[in-house]
Amino acid sequence: MVSVAIMGHGVVGSGVAEILLTHKQKLFSSLGEEIYIKKVLDLREFPDSPIADRFTKDFEEIINDLEIRVVVEVMGGLNPAYTFVKRCLKAGKSVVTSNKELVAAHGAELLALAKEENVNFMFEASVGGGIPIIRPMNQCLVANNVREVAGILNGTTNFILTKMIEDGMQFEDALKLAQDLGFAERNPEADIEGHDACRKICILASLAYGKHVYPQSVHTEGITNITLEDVNFAEAFGYVIKLIGRVRKLDGGKIDIITAPMLVPFKSQLSNIDNEFNGIMVRGDCVGDVVFYGKGAGKLPTASAVVADIVDCCKHLKARRFLFWADGDGSNIIDYRDSVSAMYIRVSGDDAEVKAEKIFGEINTVADNGQLAIITSDMSYGEFESKCAALEGEGVKVLSAIRIGDI
């Protein structure tokens, strides 16, 4: 029997407990031992829980219990999660987490600590919820040099954009619907401003390229400025708008990483991933493009990934799994202004097409209702900003600008 503790009994934590209790025989068959929930840490009371007698409000009961070998952190946030996880690792306990904020902020440090203490720090559920991605990248695709990772990494924004695309809803109405259905928090800032997706692409970039990428090093844009006009013009050009986290390795070894809305071509495997679903494309030099698809959040989907890590930790109590990256200082990341892509802009003004062609060179255009949509050729973002300023100097107002995603 392997004793575990669960820190947090919210949506994911209660799901982890449910799976460990209801799938006990299935897990025993996989592991050869029973996984026993010895403690659950939460400040609230759960008198109706089948394990109500195992709840505690005191973290010290977990840290001082030598029988507890694996601790599950599903509290979320940085504090006290960071402090608790560090103490667990230092005490020789393996840790499993679904906390993307924790991994994005402290992953390198916690992995180094786990290595030092000969225990495991695992976080499959931190990126894709129920979608397997950390383990496939770390094991199944190990023979590949990863050229690019790009994904729809946030179900809330994907749901909102789907409603705008398919139902013609305004952004504010689609956001309210997402909140009413439980897909968006009352304070949706982390989702709609791109911070959640940024944390996830940072984790994937760190794993793919071996150096920690901190969220503050990544240029991040949200979807709050996307309008129905942009959605309709994108469709006319053969694209859909998605919030994309993307990292790619450049010649010379540096990486180009960003989180931003992008126009994704209809032919892309990511273009048809709708509603609250997530999709992650990994481009390897041997395997080509591999896409992982599924529910990126939710009680049981996320809990299933957490439980898979628990089983893995239980199988490797005396031998570490190799999951590691070094710390990073951002020196391997190019400035987002040097990133090269084609761009979409929506403009208004007299003789806009003639003036845009004069400044941008060869362009594709669609006009409607007094506005002009333009797709440019590839250029650095810095050059694009300069040309937009020149266009506005000619009396043409730039209403929106979105990158073209070659994914």
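Two strands pair if DSSP finds at least two bridges between them. With that in hand, welcome to a short tour of this predicted model.

**View 1. Strand S8 meets strand S10 in a parallel pairing over two bridges.** Strand S8 covers residues 219-220. Look for threonine 220, which stands opposite threonine 259 in S10. Strand S10 itself runs over residues 255-265, and eleven of its eleven residues are buried.

**View 2. Strands S9 and S10 form a hairpin.** Here strand S9, residues 239-249, pairs with S10 in the antiparallel sense over eleven bridges. One pair to find is valine 247 and isoleucine 257, which stand opposite each other. Five residues sit between the two strands, and in this hairpin glycine 252 takes a positive phi near 100 degrees. If strand pairing is new to you, strands of a sheet pair through backbone hydrogen bonds, either parallel or antiparallel.

**View 3. Strand S10 also pairs with strand S18.** This pairing is parallel and has two bridges, with S18 covering residues 397-404. Leucine 263 stands opposite isoleucine 404 in S18. Isoleucine 404 also appears in the view of serine 341, where it is one of the contacts of that residue.

**View 4. Six strands build an open sheet with parallel pairing.** Reading across the sheet, the order is S3-S2-S1-S4-S5-S6. Which strands lie at the edges? They are S3 (55-56) and S6 (121-122), each of which pairs on one side only. Further in, S1 (residues 2-7) and S4 (residues 68-73) pair in the parallel sense over five bridges. Alanine 5 stands opposite valine 71 in S4, a handy pair for finding your way.

**View 5. A cis peptide bond leads into proline 80.** The bond runs from asparagine 79 to proline 80, with omega near 10 degrees. Proline 80 has its place in the loop between S4 and helix H4 (81-90). For background, most peptide bonds are trans.

**View 6. Glutamate 148 sits in strand S7.** The strand covers residues 146-152. Is glutamate 148 buried or exposed? Its relative accessible area is 6%, so it counts as buried, the cut-off being under 20%. Setting aside residues up to four places away in sequence, glutamate 148 touches several others, among them Tyr209, Arg246, Arg248, Arg283 and Asp406. Val247 is also touched by glutamate 148, and valine 247 is the residue that stands opposite isoleucine 257 in View 2.

**View 7. Serine 341 is found in strand S13.** This strand covers residues 340-341. With a relative accessibility of 10%, serine 341 counts as buried. Apart from its neighbours within four places in sequence, serine 341 is in contact with Ser377, Asp378, Met379, Arg403 and Ile404.

**View 8. Glutamate 357 has its place in helix H14.** The helix covers residues 352-360. Glutamate 357 counts as partly exposed, at 46% relative accessibility. Its C-alpha atom is separated by 9.2 Å from that of threonine 376, a residue 19 places away along the chain.

**View 9. Asparagine 275 and asparagine 369 are worth a look for their backbone angles.** Asparagine 275 is not a glycine, yet has a positive phi of about 55 degrees. It is found in the loop between S10 and strand S11 (277-284), and at 25% relative accessibility asparagine 275 counts as partly exposed. Asparagine 369 likewise has a positive phi of about 55 degrees without being a glycine. Its loop lies between strand S15 (364-368) and strand S16 (371-375), and at 74% relative accessibility asparagine 369 counts as exposed. What makes such angles worth pointing out is that most residues other than glycine have a negative phi.

**View 10. Stepping back, the protein shows 15 helices and 18 strands.** The radius of gyration is 23 Å, close to the 22 Å that the globule rule gives for 407 residues, so the protein is as compact as a globular protein of that length. The C-alpha trace spans about 75 × 45 × 35 Å along its principal axes. Buried residues make up 54% of the 407 residues. Among contacts between residues at least 6 apart in sequence, 74% join residues at least 24 apart.

Conventions:
Residues are numbered from 1 along each chain as its sequence is written. This is a predicted model: local features need pLDDT of at least 70, side-chain atom pairs count only at pLDDT 80 or more; totals for chains, interfaces and linings use all residues. Side-chain values use heavy atoms; hydrogens and water are left out. Helices (H or I, at least four residues) and strands (E, at least two) are DSSP runs, numbered from the N terminus. Buried means under 20% relative accessible area, exposed over 50%, partly exposed in between (1.4 Å probe, protein chains only). Contact means heavy atoms within 4.5 Å. The radius of gyration is taken over C-alpha atoms; the globule rule is 2.2 Å times the number of residues to the power 0.38.
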